[in-house]
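Me: I'd like a close look at a single part of this model, the pairing between two neighbouring strands and whatever sits around it. Could you walk me through that spot and then work outwards from there?

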Number of protein chains: 2
Amino acid sequence: MISLKTKLCTLLNIEHPIIQAGMAGGATTPELIANVSNAGGLGTLGAAYMKPEDIKKAIHDIRKLTAKPFSVNLFCVENSDKPGDEEKNIVKNELLRIGRDLGVSELDIKFNAADYFDEQFQVLIDEKVPIISTAFGLLPEEKVKQAKENGIIITSMITTVEEAILAEENGVDIIIVQGSDAGGHRGTFDLSKHKNGADVGTFSLVPQVADNVKIPVVAAGGANDGRSLAAALALGASGVQIGTRFLSSEEAGIHKAYKQKLFDSKEDDTVITKVFSGRPARGILNTFIEEFSMDPLPYPYQNTATKSIRGAAAKNDDGEYMSLWAGQNLRPVVKEQGAAEIIEEIMDGARKILE
Amino acid sequence: MISLKTKLCTLLNIEHPIIQAGMAGGATTPELIANVSNAGGLGTLGAAYMKPEDIKKAIHDIRKLTAKPFSVNLFCVENSDKPGDEEKNIVKNELLRIGRDLGVSELDIKFNAADYFDEQFQVLIDEKVPIISTAFGLLPEEKVKQAKENGIIITSMITTVEEAILAEENGVDIIIVQGSDAGGHRGTFDLSKHKNGADVGTFSLVPQVADNVKIPVVAAGGANDGRSLAAALALGASGVQIGTRFLSSEEAGIHKAYKQKLFDSKEDDTVITKVFSGRPARGILNTFIEEFSMDPLPYPYQNTATKSIRGAAAKNDDGEYMSLWAGQNLRPVVKEQGAAEIIEEIMDGARKILE
């Protein structure tokens, strides 16, 4: 008999075992996060690309809207070596060529990689956020200690059993199991074995991770309704983390052209690509992915380099040149709903199956 | 509330909603098939590469061992155009080079594509097998009619919602939903959109297919225990099809070096490759996949061409040069068990979760 009151609920002090994914790039507005948390789930601020002061402001905004627990997500990844001038010039010319296709004649292309990680993390400590969530890797030992001393719970995303074991050893409290069905960046720590990130499907990965760690695991990748929540619990998970469906919500801070693409796309319309950021990520196939015809710069340099194209696409309402991160369970995402309504629907669906 | 007595059980006249996958190449011995069916599941003969007279003999052998329903799997795929001499020579030289690595000096390489499909199918009609299962495509209209006139149930494997809808329109009775977690050949009908086959994870694909057809759907890819059976039913499936775990069974007709590789491999040790057969398939990464450094010939010519290498590897007990088809839920596969014991374990596990 499966109960919907899982260990995850107890540990996070939430009512429903549903985490809204901490998607970077502006999607996770304070309204989205607060509405998810107020509805009994766990909202997450996708803070990876945010300046420390902006994170602080967002946390204050969230706290004005909810007294419930919420999480803040950061990327734990070393910057790659800065690319050389020749490499940068080749990519710049390619982006300028694509800019012309997009109808833009000048692009202000930057190749920087502002690294605020220590300052970002310090904000989370100063603000004593209830939960810190990491992607791409684990917190360094002293930061784990700092978090624990401040009563902060740590969740980390993994894509293989080996990474899950490392996370548990690191002191992580909850494992987010990212299957290959998931949208957005692949969370694989080390891309040397799998250059596009480990590609193990959610259905296969969740039970194997659950068998190999003692702490609660959460299924991420393809979860979007009561069926997937019930299935995740059957597979041994203690809850689900949901990205794509919350991206389609009324509160999500994404461009309307992106949202429309979510509504219009099918299960096999996404691909894993590095062309937007330099790291592999799953998004809806569009013209930019097809057009960018060379090896991208390493992360995060490709990410800052393509910002100009993405910005121009946003101005033009042109979804063909934006990053359209999305998971594979896309067909049911056909309309805007409030985040609270989404959570209610998922819980109702799961209850019908399980009770 | 989920019941383990599903529509699939009623339709196939079986006790448990578990189908043993019809893996081609000798794995599905009459003993395996009969033991699965006698234990209440549905055994399947992987007959795709078998000569018509051998299929007939196998069916007789199965019937000596069980009076229960069983299925026979065929590949519904057009042969590609025969490759030219130059193409064949390039591949031949590559295979001879790899043969030397394998310690074999002469290889009797063939580039034929014996096409027995009509005769294979006629045997199934003549023998009035209870169930015909197809991969890579659908039966032509007149063959569907012939099967129906003989009271034969048809199951077809699909990898996208669009293929599922085509299958239902074709008259198929049961849809096998193959997620990207699955081992062996990708069942994608048309490889022009996805050159490695559609890669939608089982967790995401099953509910989307279930939403778009009226006939029962079966989850394939990553299912191997009670948790995955319970999860598949939660996702809207009417049962599971299981390959890898039955490959590891005592009755499976695979080389001991292959079986050992199944026991020794992890969730992220498989890749999608075309080098063995010319069609994309998921198998454990080994030396042959790494060594074969060019575009393979189209299916089925690459399959006959690599037979000599695979044969030499079998003689040498060398798993590094065999095709090691396997799905992604590999970690739990650690020991040989009888097929009946496997089914009992899966059902017990599912009952514990659901009851």
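Reply: Start with Ile131(B): its bridge partner in strand S5 of chain B is Ile153(B). That pair belongs to a set of 4 bridges joining S4(B) to S5(B), and the two strands run parallel. Keep in mind that this is a predicted model. S5(B) spans residues 153–158 and is mostly covered, with 5 of its 6 residues buried.

Now step back along the chain from S4(B). The loop between H5 and S4 of chain B holds Lys128(B). Its backbone is worth a glance, as phi of Lys128(B) is near 45°, a positive value in a residue other than glycine. Most residues other than glycine have a negative phi. Is Lys128(B) buried or exposed? Lys128(B) counts as exposed, because there are 11 C-beta neighbours inside 10 Å and the cut-off for exposed is 12 or fewer.

Lys128(B) follows H5(B), so to speak of the helix itself: the buried residues of H5(B), which covers residues 117–126, are Gln120(B), Phe121(B), Val123(B) and Leu124(B). Looking down the axis of H5(B), you'd find those buried residues within an arc of 150°, so they line one face of the helix. On the face turned away from that buried side, H5(B) carries the exposed residues Asp118(B), Glu119(B) and Asp126(B). As for what the buried residues of H5(B) pack against, that is helix H3 (52–65), strand S3 (70–75), strand S4 (131–135) and helix H6 (141–149) of chain B. S4(B) thus turns up twice, once in the packing of H5(B) and once as the parallel partner of S5(B).

Elsewhere in chain B, Asn93(B) sits in helix H4, residues 85–101. Asn93(B) is exposed, with 12 other C-beta atoms within 10 Å. The C-alpha atoms of Asn93(B) and Glu169(B) are separated by 45 Å, though the two are 76 residues apart along the chain.

In chain A, take Val104(A), in the loop between helix H4 (85–101) and helix H5 (117–126). Val104(A) is partly exposed, with 19 other C-beta atoms within 10 Å. Leaving out residues up to four places away in sequence, Val104(A) touches Gly99(A) and Ala312(A). Ile309(A) is 205 residues from Val104(A) along the chain, yet their C-alpha atoms are separated by 8.7 Å.

Another helix in chain A, H11(A) (residues 256–264), has the buried residues Tyr258(A), Lys259(A), Lys261(A) and Leu262(A). Down its axis, the buried residues of H11(A) fall within an arc of 155°, so they line one face of the helix. Lys256(A) and Phe263(A) are the exposed residues on the face of H11(A) turned away from the buried side. The cover over the buried residues of H11(A) includes helix H10 (244–247) and strand S11 (281–284) of chain A.

Next, the core. The largest nonpolar core has 224 residues, and those with the most contacts inside it are Val177(A), Val218(A), Val177(B) and Val218(B). Setting aside neighbours within four places in sequence, the contacts of Val177(A) include Ile158(A), Leu205(A), Val206(A), Val209(A) and Val218(A).

Then there's how the two chains meet. 36 residues of chain A are in contact with 36 residues of chain B. On the chain A side, helix H8 (202–210) and helix H9 (226–234) are the elements that give two or more residues, and H8(A) supplies the largest share, 6 residues. That side of chain A divides into 13 nonpolar, 15 polar and 8 charged residues.

What about the symmetry? A rotation of 180° with 0.0 Å of shift along its axis superposes chain A on chain B, at an RMSD of 0.0 Å. That is the relation of a two-fold axis. In chain A, the C-alpha nearest the axis belongs to Ala231(A), 2.0 Å from it. The same surface serves both copies, with 100% of the contact residues of chain A recurring in chain B.

One last backbone oddity: a cis peptide bond joins Tyr299(B) and Pro300(B), with omega about 0°. Pro300(B) lies in the loop between helix H12 (287–291) and helix H13 (301–305) of chain B. In chain A, a cis peptide bond likewise joins Tyr299(A) and Pro300(A).

Methods
Residues numbered from 1 in each chain as written. Chains lettered and ligands numbered in written order. Predicted model: local features only at pLDDT ≥ 70, side-chain atom pairs only at ≥ 80, totals over all residues. Contact = placed C-beta atoms within 7 Å. Nonpolar A, V, L, I, M, F, W, Y, C, P; charged D, E, K, R; others polar. Least-squares fit on C-alpha atoms with pLDDT ≥ 70 in both. Buried ≥ 20, exposed ≤ 12 C-beta atoms within 10 Å, placed from the backbone. Arc of directions from axis to C-beta. Core = buried A, V, L, I, M, F, W, Y, C linked by C-beta atoms within 7 Å. Pairing = 2+ DSSP bridges.
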